[in-house]
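Please load the model in a viewer and keep the selection tool at hand. The stops below are meant to be followed in order.

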Amino acid sequence: MNHAEVVAQTLAARGIDTVFGLPGGEILAFVDAARRAGMRFLLTGHEASAAWMAGVTGELTGVPGVCAATLGPGASNFVTGVASAFLERAPMLAITAQTPNREIPTYTHQRLELTAMFAPISKAALTIGDRDTAELINNAVDLAVRPRSGPVYLSLPSDVAVRECGSCERTPKASAEPALSGPLSEIAERIAASERPLILIGLGASPACAPAIAAFLAKLRAPFVVTPKVKGIVGEEHPLFLGVASGMALDREVVATLSAADLIVAIGFDPVESDKSWFASLDVVALDVVSMRLGDYRPLEALGDLPTLIAQLTASISRAKPWPDDLLQSRRQSMRARYLATTTGLSPLRLIEELRSVFPRDGIASSDVGSHKVALGQFWRAYEPGTYLVANGLSAMGFGIPAAMAAQLVHPARAVMAMVGDGGMLMMLHDLAMIRELALPIVIVVFTDASLSLIRLAAERRKFEPTGVDFCPPDFTQIARAFGIESARATTLAQARSLVDQA
């Protein structure tokens, strides 16, 4: 076999059945090898979509998603999606072609130092052909899922791809569970000494942690907040739920709730989701798979397998720590008052409530980045793990539709809805071609206000003249029909609810 065939067959043996991407001449050997290995190659309209789809596939399945592209602009177009996966712990492999080794001394067309370009935004940036290729790919898959999970970049020089490879298929090594370390007993003592602990759950808490977290909440009986990436890890109808932290709507009220606690018990909390540094000024003890200490943020940490750590901490609790009823109610009433002040007229918040009321409980919703994300992050109710998808670490526009596509492919029987702004929709119109081709039954809701309104508001708050934020959006219903996709325009809340209910 040649190197491209070994790469493809090793990936297939690890349970990977799909490659997202946009081919070029230099990557064709791998694309064909993937086809012959039984994997399907799904053509996206832009490499950024391929990278986001691979990352979300990794998030939802725990198996690295794979994307592939050519060298030069194909590789550079991956950067945003790979960077997003790096900040948000999404396991993925990004494979690109590279200039043939034999031509590197003199050939400069489309040549970039790709491993150097991807090194800062990936767990490793590797070149295929430098050592045993089957072992390299197996190690890359293992590395992508090992805590802290994330992307691995692989460069495949086009002449190496078709060169005979001496590699043979290797049995992958089982990933070792992270060893438990840190002062768990001291954390237990700190909780026992506190009067008003509050639990903060972040993106490091995978769906596998949900049963352990539920048991911990039941025994401690302290309130909890979540970050947007982990919405649904505990159903938000839970009587101890107090909101979503980290830059969403009503953020001041949520920070006030956090400040009312005398101890924050952080489970998988990663400051990457925070757009302000409130976490550095609070008293925090933390459980995670990797250390999150950085700068002024110096929590007392216990590290290791999170479900195990949570179960051990739960077993150590001798007395529940509920908050006084009047304090809980005052925090909820303050949130509610601020909420009601922003729900007049054709309010995005009221629209969110209408959409949620007709969307299945186990449906998967994705949010693109924009002012609607701020409202969705706080007010969209998530009831199960993995049912709310958002790019909150890198926070790049364009994520919402590729995320929904990946979710529909992973869960074909589930309802999936993408909620995007008109600016984000303009960026990702090319995705409608794949949605139509694969007949993906996704509902896309486009919030249209002819502006990058989050940036407009930021400019106005800082007394700047809003510049470069307004535009003339097209008729998205006509565009969708041109792709062969049903569409309709809603101008009232009742219309929007009815149309989504029908869809």
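Which residue in E15 is the bridge partner of Ser366? Select Ser366 and look across to E15: the partner is Ala418. Keep in mind throughout that this is a predicted model.

**Stop 1: the parallel sheet**

Select strand E13, residues 364–367, together with strand E15, residues 416–421. E13 and E15 run parallel and are joined by four bridges. Now add strand E16, residues 443–447. E15 pairs with E16 in the parallel sense too, over five bridges.

Add strand E14, residues 388–390, to complete the picture. The four strands form an open sheet in the order E14-E13-E15-E16, with parallel pairing. E14 and E16 are the edge strands, and each of them pairs on one side only. Viewed along the sheet, neighbouring strands are turned against each other by 20° on average, with direction ignored. As background, the strands of a sheet pair through backbone hydrogen bonds, either parallel or antiparallel.

**Stop 2: residue pairs between E15 and E16**

Zoom in on E15 and E16 and show residue labels. Met417 has Val443 of E16 as its bridge partner. Ala418, already met as the partner of Ser366, stands opposite Ile444 in E16. Further along, Val420 has its bridge partner in E16 at Val446.

**Stop 3: faces of the two strands**

Are the faces of E15 covered or uncovered? Both are covered. Select Val416, Ala418 and Val420 for one side, then Met417, Met419 and Gly421 for the other; all are buried. Counted over the strand, six of the six residues of E15 are buried.

Repeat the selection on the edge strand E16. Here Val443, Val445 and Phe447 make up a covered face, whereas Ile444 and Val446 make up an uncovered one. Ile444 on that uncovered face is the residue that stands opposite Ala418.

**Stop 4: two nonpolar cores**

Select Cys67, Phe78, Met92, Ile401 and Met405. These residues have the most contacts inside the largest nonpolar core, which has 48 residues. A second, separate core has 47 residues, and Ala286, Leu328, Leu349 and Met417 are among them. Met417 leads back to the sheet, where its bridge partner is Val443 in E16.

Center on Leu328, which is found in helix H13, residues 325–340. Leu328 counts as buried because its relative accessibility is 9%, under the 20% cut-off. For a distance check, pick the C-alpha atoms of Leu328 and Gly232: the two residues are 96 residues apart in sequence and 21 Å apart in space.

**Stop 5: the cavity**

How many cavities of 30 Å³ or more does a search of the whole structure find? The search finds one. The largest cavity has a volume of about 50 Å³. To show the lining, select Ala51, Trp52, Gly55, Val56, Glu59, Gly81, Ser84, Ala85, Glu88, Ala90, Lys229 and Phe399.

Color the lining by element next. Helix H3 (47–61) and helix H5 (79–87) are the elements that give two or more residues to the lining. H3 provides the largest share, five residues. Colored by class instead, the lining has six nonpolar, three polar and three charged residues.

**Stop 6: backbone geometry**

The last selections are single residues in loops. For reference, most residues other than glycine have a negative phi, and most peptide bonds are trans.

Start with Pro147 and Arg148: the peptide bond from Pro147 to Arg148 is cis, with omega near -10°. Arg148 lies in the loop between helix H7 (133–145) and strand E6 (151–157).

Move to Ser246, in the loop between strand E9 (241–244) and helix H11 (251–259). Phi of Ser246 is positive, near 95°, in a residue other than glycine. Ser246 counts as buried because its relative accessibility is 2%.

Finish at Ala450, in the loop between E16 and helix H19 (453–461). Ala450 is not a glycine, yet has a positive phi of about 60°. Is Ala450 buried or partly exposed? At 26% relative accessibility, Ala450 counts as partly exposed.

Definitions and conventions: Residues are numbered from 1 along each chain as its sequence is written. This is a predicted model: local features need pLDDT of at least 70, side-chain atom pairs count only at pLDDT 80 or more; totals for chains, interfaces and linings use all residues. Side-chain values use heavy atoms; hydrogens and water are left out. Two strands pair if DSSP finds at least two bridges between them. Axes are lines fitted to C-alpha atoms, for helices over the stretch in contact, and angles run from 0 to 180 degrees between N-to-C directions. A nonpolar core is a set of buried Ala, Val, Leu, Ile, Met, Phe, Trp, Tyr and Cys residues joined through side-chain atoms within 4.5 Å. Buried means under 20% relative accessible area, exposed over 50%, partly exposed in between (1.4 Å probe, protein chains only). On a 1 Å grid over the protein atoms alone, a cavity is a set of points where a 1.4 Å probe fits but cannot get out, and a pocket is an open set with protein on both sides within 12 Å along at least five of seven lines; lining residues have an atom within 4 Å of a point. Grid points are joined across faces, edges and corners, and a volume is the space filled by probe spheres set on the points. Ala, Val, Leu, Ile, Met, Phe, Trp, Tyr, Cys and Pro count as nonpolar, Asp, Glu, Lys and Arg as charged, and the others, Gly among them, as polar.
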